[in-house]
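Please open the model in your viewer and keep the selection tool at hand. This tour moves from stop to stop, saying what to select next and what is there.

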Amino acid sequence: MAVSYARYEIENGFIHNWIVAGPQAIPVLDLDRYQGDDWKLQIAKHYYDVNSCLTQPPVETESFELGDTKLEWNYFRCDDDHFVECTAFYHTCHYLRTWAYTRVTSPTAQDVQCVLTTNGPADVWLNGEHIHRQEHFHHQIPHSVSFQAKLKSGHNEILVRFEEVAARECPYVMALQIVNAPAQAYVFIPTLHEGVARRQVVEKAIHAAYLDRDVYVWDDEITVHWPPDLATAAELTVRLQKLPAWIHSEGQPTISAKFKLPMAAPYQLPEGAFDIFLIPTVREYYEGNLRLERKIRLSSTRNKYSQAPYGTFDERRAEALLDAAKREQSVFSEIAKMALGYWADLKLDVILETIDGINQRKDCSDFFLVGLLGMLHRSGNDPQFPESLKQPLEECVLNFKYWMDEPGEDAMCFWSENHQILFHACEILAGQLYPERVFTNVNQTGQWHREKGERLAISWLLKRGAGGFREWDSNCYFEEDLLALSHLADLVASQAVYDLAAVIMDKMFLTMALNSYKGAFGSTHGRAYKEHVKGARGESTSGASRLMWGMGAFNDKILGTVSLACMEHYEFPLLIGAIAADLPDEMWNREQHAGKLEAGCDKEIGEWSVNKVTYKTPDYMLCSAQDYHPGENGYQQHIWQATMGPDAVVFVTHPSCISEENSHRPGFWHGNVTLPRVAQWKDVLIAVHKIPDSDWLGFTHAYFPAWAFDEYVIRDGWAFARKDNGYLAITAARGFDFIQRGNSAFRELRSHGRENIWVCHMGRAALDGDFASFQKKILALAVKYNSLLVRCATLRGETLEFGWQGDFKRNGKVEPITGFKHYDNPYCVAELNASQLQVHFGEQGIRLNFAK
């Protein structure tokens, strides 16, 4: 077929239009041979090919073979961050390589400076000649390298092959900039579709589409929107697809400006992740080779969210197990079926696939092995337990690697708090099952493993009792901590481990209760992912809070919920549930969590601490981590959040990229590239951002989901929101744009500037009148910025002063933002490292004893 060429502009020197093949993912099966800090570079050099591996000129939709792998050239259009985006999570180690091809026309022959930005090694070929190689690994934030190139007059073929070595999360991007690109230079994409003009119309229509929210509940109509400034109408095919590709509805509209296309409502659909899949007409796509496409991710849920306690624990337990069993999404669905006695409905292939993954030592194997061990302890002797599972389970348990000091290299993560206690729980429960058997990886008996696991678990538990969690209030990793602790506090033979696990669970539930609002664990978080911060419905702890005290929602995060529901011996303190439901006129909570930094195997290398506050009223909650490592590189820390309901949440971050893929850490919404300096006094919060000149995106932004509010107003440099009787006002010193297109349409306030200050005020109808009165009062408050310092008045008649350096002052006096007690609130007060924590609510009281 004849090849045509689609023309595109160069965007500030960046090439945004490519055809991309890959990634080719080659399993690295012999990790033991690559030792040392440069193990990734060793792998890359081992697999490196000096040739491009291509034998034919690339053309869109055509394919080529490399060994057993067949790769196809697909069109890729970069977003505002300029990246060709291949980021993903790999549970085992792989060597990756991806090819990106384009053509650049130059009106004259010219020497140009190019900048190639990648996470890993890369090569560049220009007109068939290899002109550049860079070898580096920058795991989260990609690195830029400059090089010189000679463009010829006319068409110039550019091929970039970029590599990575993946082990768990793998940020994997590429951007190419021609710094001094000629004024009349263009990009051309080779395609088998002849109608290039039609292509441009369709592509603009596809990329103009947007959703106004991320989560759709029950009868919310899933509707695709187009903006009012779309210039040309176009025929498209629009599908609602359940991952991976089940089509639930399809439309073939002719779209135009302001067009809306309803697709379905969640009550008509299974729960889970969906894509809006946009392509040209079916004939153009499949027969005419017009292979333009775009996917917009959304979440559909039928489960209603509970904002007040309901039912009994036994009723909620049955509800949780039924919900998990129906999901059939992992081995924990099968565990739920066993707990319900649904033996006939078991899917043995799911359990066997889980065993196979553990045998490969995939990352997160500890999550699933502890579930299998719990299943064996509780149900292994049941006459209905499938006989065909017993030998594979036994071999899996006896051959596993239970800690980082055992032989064997793999992709499993041992270092984080959640993984530590999960591995210890696995080792204890495995040793209890087979005390006399020899475990093959270290040639030791089960009794030896049990004793080692108990020793390590007790050490971990005592540290959490004394100082809390470095991954503080993590609404993702708390689920995994509870997964481990629910097995220890129900199944272990050691009384010391059993008692400590139960009391640490009590402490975790207390922390959740103190920092939750109507079931939303809207606290600051030491680790978080995007779906956990953009509302409470997707939080990993939401099912646990609904199970334990009746607020939240059962969702697809079932590991912790199922494990808690299977417990028979843990007695939850009802007082904690009462605290979670309590909404006094104001609750001011200050906490400090602190401890020793460790480099594995209990080797201490430093100290860590976080000081955080929560202000809760009947109408909202405002939480933050105070003065937490400002200016340092961030990871997945969620520094502050305002919560007015399960969906009505607001926070500010400094993003690394446009992609919301969770293997970016930080990403678009979770974490910060550079941590801000934050201070909060009750209902007012100040966040000061100072990001480096080299920052890739150059902006900070607020998550502001307009759809989740009862009312919102953008005026006079402020964004105002109302949910029920709660109010919020937020502004930025540099001003902001309310984004109304793209994947964050009507959910983002974007503020450009390397130095910036965000100010957030909360209000209540009981104190501030109606919504219009609240706005008027906020606009009347004095706010004065002086570089990275702000002085502002509050609705409560006070004056706050805070900046990048110096003290936080309230009414001219220093207000401490560090050095807090472990807990300091109306329900409990305790110093760090206290051996006991006394908690009271009304006439009730409990004592948590953390001593061994």
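A residue is called buried when its relative accessible area is under 20%, and with that cut-off in mind you can begin with Trp718 and Phe720, both of which are buried. Keep in mind throughout that this is a predicted model.

**Aromatic rings**

With Trp718 and Phe720 still selected, look at how their rings lie: the centres are 6.2 Å apart and the planes meet at 25°, so this pair counts as stacked. A pair of aromatic rings is described by the distance of the centres and the angle of the planes. Across the whole structure, a search finds 46 aromatic pairs.

Next, select Tyr727 and Phe771, an aromatic pair with 5.6 Å from centre to centre and 35° between the planes, which makes the pair tilted. Tyr727 belongs to strand 36 (residues 726-732) and Phe771 to helix 18 (residues 771-780), so the pair ties together parts that are 44 residues apart in sequence. Both Tyr727 and Phe771 are buried.

To finish this stop, select Tyr210, Phe704, Phe709, Tyr712, Phe738 and Phe746, which together form one aromatic cluster.

**The largest cavity**

How many cavities of 30 Å³ or more are there? The count comes to 3, and the largest cavity holds about 70 Å³ of space. To see what surrounds the largest cavity, select its lining, which consists of Val112, Cys114, Val124, Trp125, Leu126, Ile131, Phe147, Ala149, Leu151, Ile158, Leu176 and Ile178. If you colour these residues by character, the lining divides into 12 nonpolar residues, with no polar and no charged ones. Now show the strands as well, because strand 8 (110-118), strand 9 (122-126), strand 11 (143-151) and strand 13 (173-178) each supply at least two residues of this lining.

**Strand 1 and its partner**

Move to strand 1, residues 4-8, and display the side chains, which alternate along the strand. Ser4, Ala6 and Tyr8 point to one face and are buried, whereas Tyr5 and Arg7 point to the other face and are not buried. Then add strand 14 (residues 186-191), which pairs with strand 1 in the antiparallel sense over 5 bridges. Within this pairing, you can find Ser4 standing opposite Thr191 of strand 14.

**An open sheet**

Further along the chain numbering, select strands 40 to 44, which form an open sheet of 5 strands in the order 40-41-42-43-44, with antiparallel pairing. The edge strands are strand 40 (783-786) and strand 44 (813-814), each of which pairs on one side only. Inside the sheet, select strand 42 (residues 799-803) together with strand 43 (residues 809-810), which run antiparallel and are joined by 2 bridges. Here Leu800 stands opposite Arg810 in strand 43.

**Cysteines**

For the last stop, select the cysteines and ask how many disulfides there are. A disulfide is a covalent bond between the sulfur atoms of two cysteines. The count for this model comes to 0 disulfides. Cys364, for instance, is in no disulfide, and the nearest cysteine sulfur, that of Cys413, is 8.0 Å away. Cys364 has 13% relative accessibility and therefore counts as buried. Cys792 is likewise in no disulfide, with the nearest cysteine sulfur, that of Cys760, 11 Å away. Since Cys792 has 1% relative accessibility, Cys792 also counts as buried.

Notes
Residues are numbered from 1 along each chain as its sequence is written. This is a predicted model: local features need pLDDT of at least 70, side-chain atom pairs count only at pLDDT 80 or more; totals for chains, interfaces and linings use all residues. Side-chain values use heavy atoms; hydrogens and water are left out. On a 1 Å grid over the protein atoms alone, a cavity is a set of points where a 1.4 Å probe fits but cannot get out, and a pocket is an open set with protein on both sides within 12 Å along at least five of seven lines; lining residues have an atom within 4 Å of a point. Grid points are joined across faces, edges and corners, and a volume is the space filled by probe spheres set on the points. Helices (H or I, at least four residues) and strands (E, at least two) are DSSP runs, numbered from the N terminus. Ala, Val, Leu, Ile, Met, Phe, Trp, Tyr, Cys and Pro count as nonpolar, Asp, Glu, Lys and Arg as charged, and the others, Gly among them, as polar. Buried means under 20% relative accessible area, exposed over 50%, partly exposed in between (1.4 Å probe, protein chains only). Two strands pair if DSSP finds at least two bridges between them. A disulfide is a pair of cysteine sulfur atoms within 2.5 Å. Rings of Phe, Tyr and Trp (its six-membered ring) pair if their centres lie within 6.5 Å; planes under 30 degrees apart count as stacked, over 60 as edge-to-face and the rest as tilted.
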